[in-house]
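Here are some notes to read alongside the model, written for someone meeting this structure for the first time. Take them one at a time, with the viewer open.

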Amino acid sequence: MSDYPSLHLLIGGDQISGDGRKTEDVLNPATGDTLAALPHATSDDLDRALDNAEQGFREWRNTSADKRASILTKAAGLIKERAGDIAQALTREQGKPIGEAKGETMYAAMLLEFYAGECKRLYGRTLVRPEGSRVEIQYHPVGPVAGFAPWNFPTLNVMRKIGGALAAGCSTIVKPSEETPASGIAIVQALLDAGVPGNVVQCVFGVPSDVSEHLLASPIIRKLTFTGSTPVGKHLAKLAADDLKVTTMELGGHGPVLVFKDSDVDNVLDTMVSNKFRNAGQVCVSPTRFLVEEDVFEKFRDGFVERAEKIKVGNGLEDGVQMGPMANARGVDGIQDKIANAVDKGAKLLTGGERIGNQGYFHQPTVLAEVPTDADIMNEEPFGPVAILNPMAGEEAMIEEANRLPYGLAAYAWTQDPARRRRLAAEVEAGMLAINTGGVSAVDAPFGGVKWSGYGSEDGREGVMACMVPKTIHEG
Ligand code: NAD
């Protein structure tokens, strides 16, 4: 599959396209060329998927945990075997460098492996009362799950939507992003090839708001899981509330990075500059506001700019490219608006700031400094290759600025002071805090946010438990 694959829905295990269904073009963000036509599900298709999911749930929840584990483990193996081909399609439709695309896909497989193991550890507990009665707490799969995944991590996000649910014993209908459909189809196909029944994992596409309204209006769906922007998340949470569906929301962030003068500045830069520009900054946990103690600000600023200017931008399929195009035209337009607004408000543009060329959606790695708090980019997630570097007076001011926004997904801190690390762990409002490391994700640890960054967890044991509900049996 070195060329881009043909696209289809996966309903009841069948690959569905054509028959007069509407289609939309999928574009290559590096060239602007059309890769393929993606069929949209009709209303009947969605109803069929719902009926299948209802039936599939009855079968899958009664499939033994051992069998579920062995099928999911086999699927993880297939994804690993196919990762090279999947990455080719992922880079073509999303833009990221091929190495990142393959790494993401291998990570999605590892996450599934972890979930496969977890489904054998879904224990309840028993409370034995002294007078002889007992209370048994069981955990049951919540029911059919509707998952909506975005385009920035097209294989991993799809896995996060369905992996924990499948381990828990739920059936799933996933809608990957229409902008990156091949990656999602490949993940679902691997699950089907490994033996997940066709009514247990299904994949649909369409106009996002039409698909979500249709699926969420159905009482068959018992859980909604969404990754994307905060406004869309709030809208979907309201739709789910009408039927009191269980909900997991993984929304936007505005990652603060607290750099203290007692840190090794070169080490911070070596880790965090590449982290900032990974996936052209289109990462929900991207480090965005670098809050740097005044004493080391100049050194940090100069080192940041030097490294940013060395980043090789180009087509993600080419050797040595470190940053691909942005994934879509609206991303480039949004970043351009935010940079212009920041400069207008008095920010210093230290490097970058421009689109690259007129083909595809390339943008320069950009560094802004001394950005005033009222600039849009200080308040709205940039979701692009822009870093904000601001000098700060000390710990208290840094924590206050870190917590100023309604977002609370990932935060980062660099300091050698153990007492300060404990204070930061207690006071920084974030779902994930990375101290002296750039990593906030591990298959066996929960991933999710607080405040407007959402609620509920993916990954880790919590990612499976988020798809289960307790049932308490009282025995006299
Ligand atoms: P968006 O929220 O409009 O879209 C994100 C994803 O949600 C897309 O895949 C889209 O197909 C889907 N979506 C949109 N409306 C939907 C609906 N009514 N029902 C179901 N699915 C729907 O955002 P965007 O324009 O693609 O990106 C803009 C912003 O979204 C970014 O700046 C960023 O803040 C946020 N975002 C966050 C993540 C994340 O990982 N948390 C991922 C992508 C985008």
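1. A good place to begin is the record: for "domain: Aldehyde dehydrogenase", an unreviewed entry, UniProt lists residues 19–473. UniProt positions are given here in the numbering used for this note, feature names are shortened, and annotations may be inferred rather than shown by experiment. Over residues 19–473 the chain is 41% helix and 21% strand, with its end C-alpha atoms 50 Å apart. Helices (H or I, at least four residues) and strands (E, at least two) are DSSP runs, numbered from the N terminus.

2. Two reading notes. Residues are numbered from 1 along each chain as its sequence is written. The model is predicted, with local features needing pLDDT of at least 70 and side-chain atom pairs counting only at pLDDT 80 or more, while totals for chains, interfaces and linings use all residues.

3. Now find the ligand. Around it are 21 residues, the closest being Ser 212, Gly 228, Ser 229, Cys 284 and Phe 383; a residue is near a molecule if its C-beta atom, placed from the backbone, lies within 6 Å of it. Two or more residues of this shell come from each of α6 (208–217) and α7 (230–241), and α6 gives the largest share, three residues.

4. What is the shell around the ligand made of: how many nonpolar, polar and charged residues? It holds nine nonpolar, eight polar and four charged. Here Ala, Val, Leu, Ile, Met, Phe, Trp, Tyr, Cys and Pro count as nonpolar, Asp, Glu, Lys and Arg as charged, and the others, Gly among them, as polar.

5. The ligand lies between domain 1 (9–251 + 453–475) and domain 2 (255–442), because both give residues to the shell around it. The domain bounds come from an automatic or database domain assignment.

6. Just ahead of α6, look at Val 207, in the loop between β9 (201–203) and α6. Val 207 is partly exposed, because 14 other C-beta atoms lie within 10 Å; the cut-offs are 20 or more for buried, 12 or fewer for exposed, and partly exposed in between, with C-beta atoms placed from the backbone. Asn 275, in helix α8 (residues 265–277), is buried, with 21 such neighbours within 10 Å.

7. Next, a sheet of three strands: it is open, in the order β5-β6-β24, with antiparallel pairing. β5 (125–128) and β24 (468–475) are at the edges, each with a single partner strand, so one side of each has no neighbour in the sheet. From one strand to the next the twist averages 20°, where axes are lines fitted to C-alpha atoms (for helices over the stretch in contact) and angles run from 0 to 180 degrees between N-to-C directions. Eight bridges join β6 (residues 134–141) to β24, and Tyr 139 stands opposite Pro 470. Two strands count as paired if DSSP finds at least two bridges between them.

8. Finally, follow a run of parallel pairings. β12 (residues 255–259) joins β13 through five bridges, with Gly 255 opposite Pro 287. β13 (residues 287–293) in turn pairs with β18 over five bridges, where Val 292 faces Pro 391. β17 (residues 366–369) pairs with β18 over four bridges, and Ala 369 has Leu 389 as its bridge partner.

9. Are these strands buried or exposed? In β18 (residues 386–392), six of the seven residues are buried. In β13 seven of seven are buried, so this strand is largely enclosed by the rest of the structure.
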